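Dear colleague,

I am passing on to you the structure we spoke about, with the sequence alongside. Please have it open while you read the notes below it.

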Amino acid sequence: MLEYADVVAAHERVRETSRHTPLSYSHTFSAMTDAAVHLKLENAQRTGAFKIRGATNRIATLSAAEREAGVVTASAGNHAQGVALAATRAGVDSTIVMPENAPISKVRATENYGAEVVLSGVDYDAAADRAHEIEREEGRTYLHAFDDEDVMAGQGTIGLEILEDCPEVDTVVVPIGGGGLISGIATAIEGARPETRIVGVQAEGASSVAPSLAKGERVTLSGVDTMADGIATRTVGERTFEVIDSRVDEVVTVSDPEIAMAVVHLLERAKTLVEGAGAVPLAALLFDHIDLEPGETVVPVISGGNIDLNTLTTVIVRGLVETGRYLKIRTVLKDRPGALEDLLAIFTAYRANIFAIQHDRTSRDIGMSDTEVEIDLETRGNDHVTELLAAIEGRGYEVDVLV
Ligand SMILES: Cc1ncc(COP(=O)(O)O)c(C=O)c1O
């Protein structure tokens with residue numbers, strides 16, 4: 001099993017290539033949780049996520065012949081970019097297989113870090129099959145994304161940095177996908193400060209660890225469904241499961257709306273852009289999935305910031321809706337001059353700003369002398385929404401809340 005000394009050895013190897021990322025105290029999140037919250041900002045890592053640590057450590061252990069033959073892996077996510085940059089910095093050739101439908105932005109970013117990208121297969125499993133063929137055909141070394149002790153040890157260097165910057169840490173909270181990140185961090189922390197609690201977090205739609213721990217063996221889910229694509233895995237690794245089983249104190253789950261809210265809070269309050277997987281530790285803290293003593297020192301590992309802009313747009317709108325700052329309603333008016341003005345007077349009185357309005361007489365769902373109106377509004381919180389809806393209904397309008 002992975003040992004503390006492996007992580008310490010990795011620390012020396014990854015220092016040159018990866019950044020010692022900031023540990024940033026957050027007044028806002030500390031006040032929200034009644035704890036002392038320090039964010040470990042791996043979104044500020046090179047390539048935007050922690051993956052370069054494990055890849056650098058694994059590549060450093062290659063023999064001269066293996067270095068010469070190069071490395072190969074399959075990934076459409078952060079591992080691709082981490083391996084590409086780590087290999088380039090070590091002077092090793094890399095091939096990354098991505099599914100054919102991989103976003104062009106990820107393909108370009110990975111190529112820019114110096115890898116050759118091969119597009120193959122309809123999904124990750126098919127891409128991984130092709131990567132293993134290339135491993136055999138070209139004699140390259142396959143770099144697993146998590147179930148490899150050198151990779152785990154590299155990710156564990158985050159734990160050493162946390163202890164260096166915050167030696168009094170009580171609890172470290174870590175996302176779990178395949179389990180490489182938490183295995184390394186738990187090993188580092190247990191080795192140097194065993195009284196610190198390690199909590200793992202999974203998305204509800206991809207939570208294989210709790211049932212695996214209950215059963216005493218790895219459980220593989222039949223499918224996964226979460227916006228946090230970095231942790232959308234059906235099972236953890238064989239090696240990572242062993243470490244999680246013996247060194248992780250608790251594992252909790254968070255829902256997609258909670259993850260989305262954590263992304264929005266990080267953007268709005270901490271001015272920090274984080275992807276879904278990177279926000280799950282904060283989601284677990286903000287939505288009370290972890291018991292905290294008042295004033296406890298807690299470090300959520302914000303593991304990455306590579307969020308797709310379309311996903312970010314959806315997340316922001318959902319976050320505004322959840323917090324009562326965006327409202328979309330539908331109502332029916334009499335089709336006569338001034339009817340719309342009467343309705344708009346209510347928005348003016350309640351200072352709700354209109355983003356968009358659609359006025360439609362042709363809808364089949366309304367009477368011949370009616371008109372249907374859909375309005376998108378900027379509101380000032382859930383209480384404001386409640387007051388506004390009560391005022392509209394109080395004037396005799398029937399309102400459907402669309403979002
Ligand atoms: C941003 C981010 N966070 C967390 C994880 C989970 O890491 P692991 O698979 O080692 O558990 C990943 C994995 O890709 C990731 O990209």
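I begin with the ligand, whose surrounding shell is made up, by class, of eight nonpolar, eleven polar and one charged residues. Please keep in mind throughout that this is a predicted model. Of the 20 residues around the ligand, those that come nearest are Gly177, Gly180, Gly230, Ser303 and Gly304. Three helices, α5 (78-90), α9 (180-192) and α13 (276-286), each supply at least two residues of this shell, and α9 gives the most to it, with three residues. The shell is also shared between domains, since at least three of its residues are drawn from each of domain 1 (4-50 + 148-319) and domain 2 (55-142).

As for the chain as a whole, its secondary structure comes to 16 helices and 14 strands, and its C-alpha trace spans about 85 × 50 × 40 Å along the principal axes. Of its 403 residues, 47% count as buried. Among the contacts with a separation of 6 or more, 74% are accounted for by residues 24 or more positions apart.

The domain assignment divides the protein chain into domain 1 (4-50 + 148-319), domain 2 (55-142) and domain 3 (324-401). The C-alpha centres of domain 1 and domain 2 lie 24 Å apart, and the contact between these domains takes 18 residues from domain 1 and 15 residues from domain 2. On the side of domain 1 that touches domain 2, α1 (4-14) and α8 (149-165) each supply at least two residues, and α8 gives the most, with four residues. The residues on that side of domain 1 divide into five nonpolar, seven polar and six charged.

The helices α1 and α8 also pack against each other, at an angle of about 80 degrees and with their axes 8 Å apart. Because angles of 65 to 115 degrees count as roughly perpendicular, α1 is described as roughly perpendicular to α8. In this contact Asp6, Val7, Ala10, His11 and Val14 of α1 meet Glu149, Ala153, Gly154, Gly156, Thr157, Gly159 and Leu160 of α8, and the residues involved divide into five nonpolar, five polar and two charged.

A second helix pair involves α13, named above as a contributor to the shell around the ligand. The axes of α12 (residues 256-270) and α13 come within 8 Å and cross at roughly 95 degrees, which makes α12 roughly perpendicular to α13. From α12 the contact takes Glu258, Ile259, Met261, Ala262, Val263, His265 and Leu266, and from α13 it takes Gly276, Ala279, Val280, Leu282, Ala283 and Leu286. By class, the residues of this contact divide into ten nonpolar, two polar and one charged.

Some individual loop residues may also interest you. Asp288 has a phi near 60 degrees, a positive value in a residue other than glycine, and its place is in the loop between α13 and β10 (297-302). Is Asp288 buried or exposed? With 11 other C-beta atoms within 10 Å, Asp288 is exposed, because a residue with 12 or fewer such neighbours is classed that way.

Arg351 likewise has a positive phi in a residue other than glycine, near 55 degrees, and lies in the loop between α15 (339-349) and β12 (353-360). Arg351 is exposed, with 11 other C-beta atoms within 10 Å.

Finally, Gly139 is found in the loop between α7 (124-138) and β6 (141-142). With 13 other C-beta atoms within 10 Å, Gly139 is partly exposed, because the exposed class ends at 12 and the buried class begins at 20. Gly139 and Glu68 are 71 residues apart in sequence, while their C-alpha atoms are 9.8 Å apart in space.

With best regards

Notes:
Residues are numbered from 1 along each chain as its sequence is written. This is a predicted model: local features need pLDDT of at least 70, side-chain atom pairs count only at pLDDT 80 or more; totals for chains, interfaces and linings use all residues. Two residues are in contact if their C-beta atoms, placed from the backbone, lie within 7 Å. A residue is near a molecule or strand if its C-beta atom, placed from the backbone, lies within 6 Å of it. Ala, Val, Leu, Ile, Met, Phe, Trp, Tyr, Cys and Pro count as nonpolar, Asp, Glu, Lys and Arg as charged, and the others, Gly among them, as polar. Domain bounds come from an automatic or database domain assignment. Axes are lines fitted to C-alpha atoms, for helices over the stretch in contact, and angles run from 0 to 180 degrees between N-to-C directions. Angles under 35 degrees count as roughly parallel, over 145 as roughly antiparallel, 65 to 115 as roughly perpendicular and the rest as oblique.
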